[in-house]
2 protein chains.
Amino acid sequence: MSDPDDPHANISQEKISVDQKDPFSVTPWEVEGQVDYDKLIDKFGTSEITSSILDSFKTITGEIHPLLSLEYFYSHRDLDWILEKYRHGERFYLYTGRGPSGMIHMGHIMPWLFSKYLQEKFNSKLIFQLTDDEKFLFNQNLSKEKINYFTRENILDIIATGFDPKKTKILVDSKHIQHLYSIAIEIARHITFSTAKAVFGFSNSSNIGMIGFPPIQASPCFLPSIIEKAPTPVLIPAAIDQDPYWRVTRDVATKMGYYKPAQIHSKFVPGLGVSGKMSSSRPETALFTTDTPELIDKKVLSAFTGGQATVQLQRKLGGNPDVCPVFWYLRYFFDTGEESEERFLKCKIGNLLCGECKADLSNHSKTFITDFQKRREKAKDSVDEFIYTGDSF
Amino acid sequence: MSDPDDPHANISQEKISVDQKDPFSVTPWEVEGQVDYDKLIDKFGTSEITSSILDSFKTITGEIHPLLSLEYFYSHRDLDWILEKYRHGERFYLYTGRGPSGMIHMGHIMPWLFSKYLQEKFNSKLIFQLTDDEKFLFNQNLSKEKINYFTRENILDIIATGFDPKKTKILVDSKHIQHLYSIAIEIARHITFSTAKAVFGFSNSSNIGMIGFPPIQASPCFLPSIIEKAPTPVLIPAAIDQDPYWRVTRDVATKMGYYKPAQIHSKFVPGLGVSGKMSSSRPETALFTTDTPELIDKKVLSAFTGGQATVQLQRKLGGNPDVCPVFWYLRYFFDTGEESEERFLKCKIGNLLCGECKADLSNHSKTFITDFQKRREKAKDSVDEFIYTGDSF
């Protein structure tokens with residue numbers, strides 16, 4: 001899994017999914033500009049999550065999760081199909097991942113929390129892949145030692161997220177390659193360089209490990225069918241920038257006799273800066289799970305907002321919550337729907353100052369992260385329980 | 001390791017090593033036309049084995065092996081260097097391999113016998129790689145089941161060759177990938193698609209597994225340094241068509257802090273047909289280790305020779321041993337130097353009939369293969385002993 005943060009990825013970006021004149025670009029290795037999420041659905045050829053899909057969720061789980069109603073998860077492939085399968089008694093696996101090129105921030109945690117929710121509600125087994133090989137291949141400046149360090153640290157965050165240890169297995173590519181390789185070469189045999197070039201933007205200067213990598217990320221889509229010894233549906237909750245991987249994997253799936261993996265795509269969590277997603281490459285705009293309360297206070301205090309330049313102007317003109325990362329951060333993570341609507345309106349009419357929202361965000365974040373850190377500390381004792389062994393789940 | 005026999009390999013051959021006007025082409029996947037071995041040295045940029053290198057062999061081993069004096073092994077990279085290292089007390093590993101796309105014939109066995117000889121004389125540890133993944137990736141028509149079958153069968157032949165079980169480990173890529181992958185991605189990071197395209201002739205229609213494969217074949221070059229926890233010289237005895245792999249590997253070696261692997265290159269064993277090397281794709285011209293005595297008789301009887309159309313003409317004009325596969329087969333495998341010279345002269349002056357040479361070849365081959373088959377049967381009990389385990393040698 002790629003971290004689109006990575007500014008060093010030496011892939012030649014042909015911005016294949018987005019026209020030259022478009023003001024944004026999204027690939028598995030880079031997110032640039034102000035993303036138009038609706039346009040991205042068209043460009044990638046995915047589908048939006050319709051009200052009928054939300055109804056299916058409600059029928060099955062009795063509720064609609066805020067990250068669905070807030071349209072943080074907003075796009076999909078075959079989500080309707082996999083819910084229908086489920087209603088007819090066919091359970092699905094969840095599969096998600098992480099490229100261990102840095103420490104974990106709240107932007108990473110959000111889709112994980114949703115995956116955890118899906119695991120609970122659908123009683124799903126989850127495969128969590130750490131693509132340490134990808135990070136090494138796509139970043140000439142990152143050493144194996146550093147990646148190994150991030151891998152160990154990231155595993156603690158995954159466990160601290162609260163996944164069910166009986167139903168969750170963590171795969172580290174370089175450690176578990178023997179469980180993936182045989183599937184990967186079968187996938188690879190079906191993908192020409194032409195296709196890979198068009199989908200991922202590889203060029204003459206790409207190293208051959210980068211070109212050979214996509215099947216490694218595709219392999220866990222078919223692992224459940226091998227583990228269960230029967231065709232097994234798989235749902236991938238991940239940010240929409242990862243879609244190119246699944247597009248290629250879906251084409252290959254039928255040729256190999258497997259179900260196409262279904263996806264549910266999220267938007268990006270905004271960073272605390274002027275624009276753009278939360279990113280490890282701009283640590284001052286991201287809240288990490290290892291940050292101290294003091295550092296959280298400091299980062300939130302320096303956050304960009306949609307407020308006016310002075311208290312007086314704010315009172316007079318009102319703020320602009322739409323472009324305010326503090327607003328969105330609170331909305332996605334901590335506010336209830338009602339609280340968020342109220343915050344929106346009060347800001348608009350100048351009845352709320354940025355300092356107040358920042359104080360809310362700081363307090364909520366400190367509580368969440370302090371709590372998370374306790375679980376993260378405890379996670380050190382249960383790493384073995386989560387690591388994939390291959391013989392059973 | 002590639003079997004240049006393979007007519008199905010779907011690689012786009014740009015015949016990069018040989019000019020368009022040249023009447024032959026040699027790549028790791030294809031050997032075409034009448035090979036000019038001297039020209040190949042120029043084209044590949046390797047060195048011929050000089051008399052001073054033969055002297056070094058003699059100083060160390062007390063003799064010059066017939067396959068050296070007959071110039072079957074005729075080209076090298078850094079062979080002088082590795083012999084010098086040896087003379088100064090630095091032992092080297094041997095590394096060779098096999099692409100398991102068919103059964104084993106005498107053309108495969110010959111370099112193995114030489115490797116066994118080197119192992120004995122230089123007290124070398126040997127890594128024998130079976131590139132089952134390569135065979136799967138480069139041949140869309142070959143199933144995993146078939147490759148697994150050939151892998152199991154080929155392992156029996158390797159063991160029957162007589163390598164020292166204490167000093168020989170067999171690696172099967174798909175089974176031992178966890179011991180290679182970490183080295184492979186480090187190699188891959190140093191090779192751009194440009195380079196791979198130029199050296200191996202990859203194109204847009206190559207599948208991405210083919211493009212990602214070369215580092216897997218390069219990895220065992222560096223495994224000895226990892227096993228021994230110190231830079232360790234490696235000598236690769238193999239047919240010259242495999243040179244492109246080592247050319248790339250040598251470039252990468254210094255960047256990764258390893259010795260460049262040295263090579264000793266062989267020519268090809270001729271098939272029993274009109275021209276060309278012994279090849280599994282023309283089984284009637286190849287003597288397999290599993291052939292029955294009757295089949296050997298039949299194949300040798302049908303062999304092409306350098307003889308005249310009739311006995312009378314042969315007696316009158318003499319034959320042409322230079323183009324006679326029966327002559328070369330006897331020379332490489334069974335005749336002593338003296339016997340071969342005598343056979344050459346007697347044929348030239350019409351004093352030897354093709355039937356006599358064929359009888360010699362049949363008898364020698366039947367004895368050799370019958371004997372080999374006994375060892376091959378016994379080999380079934382010692383497979384485990386030879387399989388690489390990774391923790392020690």
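1. Let's start with the second largest pocket, which has a volume of about 680 Å³. Of the 30 residues lining that pocket, the closest to its centre are Gln34(B), Tyr37(B), Phe268(B), Pro270(B) and Gly276(B). Keep in mind as you look around that this is a predicted model.

2. Where does the second largest pocket lie? Both domain 1 (24-272) and domain 2 (283-379) of chain B give residues to its lining, so the pocket lies between these two domains.

3. Next, who builds the wall? In chain B, at least two lining residues each come from β2 (30-33), α16 (325-333) and α17 (337-348). Helix α16(B) makes the largest contribution, with five residues. Sorted by class, the lining of this pocket has 15 nonpolar residues, eight polar ones and seven charged ones.

4. Now turn to the sheet in chain B. Seven strands make up an open sheet, and if you walk across it you meet them in the order β3-β4-β9-β8-β5-β6-β7, with mixed pairing. The edges are taken by β3 (47-48) and β7 (168-172) of chain B; each has a single partner strand, so one side of each is left without a neighbour in the sheet.

5. Have a look at the β3 edge. Strand β3(B) runs antiparallel to β4 (residues 73-77) of chain B, and two bridges join the pair. You can find one contact point yourself: Ser47(B) has His76(B), in β4(B), as its bridge partner.

6. Finally, a helix on the sheet. Helix α8 (residues 173-188) of chain B packs there, touching β6 (126-130) and β7 of chain B. What angle does its direction make with that of β7(B)? About 105°.

Definitions and conventions:
Residues numbered from 1 in each chain as written. Chains lettered and ligands numbered in written order. Predicted model: local features only at pLDDT ≥ 70, side-chain atom pairs only at ≥ 80, totals over all residues. Heavy atoms only, no water. 1 Å grid on protein atoms, 1.4 Å probe; cavity = no way out; pocket = protein on both sides within 12 Å on 5 of 7 lines; lining within 4 Å. Points joined across faces, edges and corners; volume = space filled by probe spheres on them. Helix = DSSP H or I, 4+ residues; strand = E, 2+ residues; numbered from the N terminus. Nonpolar A, V, L, I, M, F, W, Y, C, P; charged D, E, K, R; others polar. Domains from an automatic or database assignment. Pairing = 2+ DSSP bridges. Contact = heavy atoms within 4.5 Å. Axes fitted to C-alpha atoms, helices over the stretch in contact; angles between N-to-C directions.
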